[in-house]
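This report concerns a protein model and its bound ligand. The sequence and the structure are shown first.

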Amino acid sequence: MTTEDSLDVVIIGAGISGIGAAYRITERNPGTRYVILERRERIGGTWDLFRYPGVRSDSSIFTLCLPYEPWTGRERVADGDEIRDYLTDAARKYGIDSHIRFNSHVVAADWDSSTDTWTVTVQEGTTGTTRTYRSRFVFFGSGYYNYDEGYTPDFPGVETFTGTVVHPQHWPEDLDYAGKKMVVIGSGATAMSLVPALAERAGQLTLLQRTPTYLISASKYSRFTDAIAKLLPRKLAHPIIRFTMALFEGVVWFLARKTPPLLKWMLRRTAVQNLPPGYDVDTHFKPPYQPWDQRLCLIPDADLYTEISAGRVEMVTDRIDHFDATGITLQSGTHLDADIIVTATGLQLQALGGVRISLDGTEIKPTDRFVYKAHMLEDVPNLFWCVGYTNASWTLRADMTARATAKLMSYMAARGYTHAYPHLGDEPLTEKPAWDIQAGYVLRALHALPKSGTKRPWNVRQNYFADALDYRFDRIEESMVFGRAGESVPLAS
Ligand SMILES: Cc1cc2nc3c(=O)[nH]c(=O)nc-3n(C[C@H](O)[C@H](O)[C@H](O)COP(=O)(O)OP(=O)(O)OC[C@H]3O[C@@H](n4cnc5c(N)ncnc54)[C@H](O)[C@@H]3O)c2cc1C
């Protein structure tokens with residue numbers, strides 16, 4: 001076993017959050033010694049893992065990109081490989097790439113209160129060697145889901161199906177679907193981006209959903225962003241475009257929550273206008289819940305409706321009874337023939353990259369702890385967790401988290417503190433779900449994430465503008481305990 005000592009920060013994950021954290025931490029604290037430990041072989045996280053046809057951003061790329069590294073494309077959404085390349089270029093440009101240790105799967109992190117350091121244990125993918133890193137802080141940019149396995153329900157009879165079953169999280173590079181009969185099961189963002197992309201080559205394509213989803217169509221291009229990008233220098237144009245897009249997404253969310261009938265009417269009208277006359281819009285596109293109870297899915301330029309109208313995609317809203325050798329029998333009795341079945345049935349939530357966390361050797365369950373300002377855990381020193389919004393671009397909060405981390409580190413350095421942890425005190429705190437959307441992957445695993453309280457600074461909100469305001473007037477000392485190595489720290493309880 002080898003050890004790398006004397007680090008200030010270990011960052012876990014080389015996706016948007018990890019790269020963003022490295023940038024912000026070193027921007028505010030030049031000379032910080034850090035590594036990024038990444039279990040994969042490449043930069044990009046989600047945008048490297050997901051390789052299905054049509055994989056793209058669902059929220060605006062102008063808010064998903066890093067605020068200090070303008071997105072130069074024109075389109076409102078971007079393909080997965082473009083985002084991966086963008087992140088790789090940004091990491092190279094800012095000298096972050098040389099700090100990344102690939103094939104480094106973090107399995108454990110233990111806090112030692114006698115030295116105020118974390119020992120992070122890594123299994124190296126290529127050699128199988130176990131290596132440890134010692135650092136003062138640890139930053140989890142490890143995303144929010146299990147990388148090894150997506151979610152697939154137990155479909156009765158799936159083993160009897162003689163065709164191919166594919167989960168979009170592990171799309172086979174060589175999957176030949178040209179001319180094949182395909183059924184895509186799902187109604188989330190993945191199914192909605194995958195199906196139009198498959199339509200051109202698949203022989204017969206069915207989108208099978210149990211429950212409809214609200215779909216919002218927006219043009220790939222925006223006259224406003226085009227005009228701003230043309231008129232102003234990039235450095236000036238980018239924050240304006242970013243703010244406008246964040247505002248637009250915020251307004252749609254606000255409308256959905258405050259005036260659901262209006263938004264429902266607008267979404268239905270778009271469907272009716274883009275689908276063939278007499279199409280059964282209400283069966284396939286009228287969900288039994290309110291907009292934004294679950295994520296609203298973007299269909300750029302109404303692409304899904306176009307494919308349905310052209311006869312290249314058939315929508316089926318029904319329940320699966322069982323799989324058989326040739327396809328799927330539905331509860332209505334209909335049979336869907338298939339050569340390939342794609343289970344776009346979701347993710348498995350996972351906090352902190354599945355890493356075992358312990359304090360002075362005693363394991364703690366992060367999911368039993370309240371979250372402080374959405375990025376630290378109750379009574380856990382020098383640990384940051386980066387998780388984005390469910391109703392706005394991930395990066396909007398990821399960047400705030402990275403800046404808050406950098407600020408706390410600089411505050412501690414100036415005062416000679418070696419540990420800081422948020423502490424709840426004796427006041428009872430009511431618990432609420434950290435992610436208050438009704439999406440299947442959240443409902444299946446309500447206790448997979450650390451807990452949110454109902455009042456600040458323990459309240460995890462899905463409100464970028466309120467958080468941005470709070471961040472501006474943030475009191476770093478609020479509910480925070482500071483100290484130096486050797487002073488007692490509350491341990492696992
Ligand atoms: C298909 C899909 C589409 C999406 N579209 C959008 C969108 O349009 N807009 C939006 O805002 N969000 C979207 N999201 C959410 C998306 O995950 C975030 O946008 C963002 O990419 C998350 O970045 P991240 O760096 O926090 O996590 P990730 O991108 O998940 O990266 C985490 C990294 O940490 C590494 N890692 C994890 N655990 C360990 C460990 N134990 N040891 C070492 N390394 C580890 C992983 O290998 C990975 O590289 C989408 C998600 C999916 C799955």
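The sections below describe the surroundings of the ligand and then one helix.

## Basis of the report

The structure is a predicted model.

## Residues around the ligand

The ligand is surrounded by 32 residues, of which S17, E38, D58, S59 and W394 come nearest. Sorted by class, this shell comprises 14 nonpolar, 14 polar and 4 charged residues.

Three elements, α1 (16-28), α2 (46-49) and β4 (104-112), each contribute at least two residues to the shell. The largest share, 3 residues, is supplied by β4.

## Polar contacts and cover of the ligand

Two side chains place a polar atom beside an oxygen atom of the ligand: for E38 the distance is 2.6 Å, and for Y147 the distance is 2.7 Å. In R39 a backbone N or O atom takes this role, lying 3.2 Å from a nitrogen atom of the ligand. The ligand taken alone exposes 970 Å², and the protein buries 96% of that area.

E38 thus appears twice in this account, being among the residues that come nearest to the ligand and having a polar side-chain atom 2.6 Å from a ligand oxygen.

## Helix α5

Helix α5 spans residues 189-199 and is mostly covered, with 8 of its 11 residues buried. What are the buried residues of α5? They are A191, M192, S193, L194, V195, P196, L198 and A199.

Technical notes:
Residues numbered from 1 in each chain as written. Predicted model: local features only at pLDDT ≥ 70, side-chain atom pairs only at ≥ 80, totals over all residues. Heavy atoms only, no water. Buried < 20%, exposed > 50% of the residue type's maximum accessible area, 1.4 Å probe, protein only. Helix = DSSP H or I, 4+ residues; strand = E, 2+ residues; numbered from the N terminus. Near = heavy atom within 4 Å. Polar contact = N/O pair within 3.5 Å; in protein donor to acceptor, adjacent residues only side chain to side chain. Areas by Shrake-Rupley, 256 points an atom, 1.4 Å probe, with all protein chains shown as cover. Nonpolar A, V, L, I, M, F, W, Y, C, P; charged D, E, K, R; others polar.
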